[in-house]
Amino acid sequence: MSLFVAKGMVKRFGALLATDHVSFEVAPGQIHALIGPNGAGKSTLVNLVSGLLAADEGSLVLDGADITHLAPHQRVRAGLSRCFQVTSVFRDQTVGDNLLLAVQAHAGSSFRFLARRDGEADLRSQAQALAQRVGLLTEWARPAGTLPHGAQRKLDVALAIAARPKLLLLDEPMAGMGPVESAEMVTLVRQLREDMAILLIEHDMDAVFQLADRISVLVYGRVLTSGAAAEIKADARVQEVYLGSEADAMEAA
Ligand SMILES: Nc1ncnc2c1ncn2[C@@H]1O[C@H](COP(=O)(O)OP(=O)(O)OP(=O)(O)O)[C@@H](O)[C@H]1O
Ligand SMILES: [Mg+2]
């Protein structure tokens, strides 16, 4: 049984078919990577999944529930979170306050039944657990805007997982990172898989092949091929797309 099923997704920008009948599935506990050259339609697809963009055709099912027509915040409630690449971080607020706000926002009805004192202590321990999880507990009192880039991305991940998603969307989590920060993000993402499935978009192929269980390759808005990470790595067409000329890529698609 798949946790997440995208079927026949279509998105047009005027005459451009940015997403051309894309289907893929994510199994529970798996990291599914979407790869493909610039302009292949990866971000468009993630925006269709998160609900930032409305699809022209297709359906999305998460854990048995049809989320095709839900607004982004309703999809979060249904179990789908995405990282927003630092824009969701309040830069003037401390790491701790950012996390407390996120935990509070997702505490929902259960919070209301607790006495005020217990509720606050519970939120605080949840926020601290999140900080611990992404390795930012020592930065708790620091204004988020003063963190180095890699640590801000970790905070962004912590804010996304505060919603306790079933599926987490990560659009280029390693972007702009040096080798040390990238390696730390790989470790973090691998740990997250224990609790949630992940849809990963990433240009860093080393990171993709370290992390992904399955990979779908997008080219010109279409799925060129989809399979286990090892199969994709060995696929001659995929190597052409990444190593060959534009013309080769067109032919392969
Ligand atoms: N809002 C938009 N309006 C018009 N065209 C768009 C829009 N967003 C994306 N496109 C086009 O759709 C195609 C797919 O773009 P998209 O950003 O999804 O690709 P991508 O695979 O994420 O690329 P990259 O690797 O560079 O991030 C491109 O041709 C792009 O120019
Ligand atoms: Mg993109």
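# Reading the cut-offs

Me: What makes the backbone oxygen of Q93 and a polar atom of the side chain of N98 a polar contact?
Reply: The two atoms lie 3.4 Å apart. A polar contact is a pair of N or O atoms within 3.5 Å; within protein, one must be able to donate a hydrogen and the other to accept it, and residues adjacent in sequence count only if both atoms are side-chain atoms. The value 3.4 Å is within the limit, so the pair counts.

Me: What kind of model is this, and how are its parts numbered?
Reply: This is a predicted model, where local features need pLDDT of at least 70 and side-chain atom pairs pLDDT 80 or more, while totals for chains, interfaces and linings use all residues. Residues are numbered from 1 along each chain as its sequence is written, chains are lettered from A and ligands numbered from 1 in the order written, and side-chain values use heavy atoms, without hydrogens and water.

Me: Why is N98 called buried?
Reply: Its relative accessible area is 2%. Buried means under 20%, exposed over 50%, and partly exposed in between (1.4 Å probe, protein chains only). The value 2% is under 20%, so N98 is buried. In the whole protein, buried residues make up 47% of the 253 residues.

Me: Why does R133 count as partly exposed?
Reply: R133 has 31% relative accessibility, so it falls between the buried and exposed limits.

Me: How do you know that N98 and R133 lie in helices?
Reply: Helices (H or I, at least four residues) and strands (E, at least two) are DSSP runs, numbered from the N terminus. N98 lies in α3, residues 95-107. R133 is found in α5, residues 116-133. The protein has 11 helices and 10 strands.

Me: Which residues touch R133, leaving out those up to four places away in sequence?
Reply: They are I161, L188, Q191, L192 and D195. Contact means heavy atoms within 4.5 Å. L188 is 55 residues apart from R133 along the chain, with 8.2 Å between their C-alpha atoms.

Me: What makes the side chains of R133 and D195 a polar contact?
Reply: They come to 2.5 Å. That is within the polar limit, so the pair counts.

Me: What makes a residue part of the shell around ligand 1?
Reply: A residue is near a molecule or strand if one of its heavy atoms lies within 4 Å of it. The shell has 13 residues, and G39, G41, K42, S43 and T44 come nearest. Helix α1 gives the largest share, 3 residues.

Me: Which distances link ligand 1 to S43, T44 and H203?
Reply: A backbone N or O atom of S43 is 2.9 Å from an oxygen atom of ligand 1. For a polar side-chain atom of T44, the distance to a ligand oxygen is 2.6 Å. For a side-chain N or O atom of H203, it is 3.0 Å.

Me: Why do β4 and β5 count as paired?
Reply: They share 2 bridges, in the antiparallel sense. Two strands pair if DSSP finds at least two bridges between them, so β4 and β5 qualify. In β5, D66 stands opposite V61.

Me: Where do β4 and β5 sit in the sheet?
Reply: The open sheet of 4 strands runs β2-β1-β4-β5, with antiparallel pairing. Strands β2 and β5 are the edges, as each pairs on one side only.
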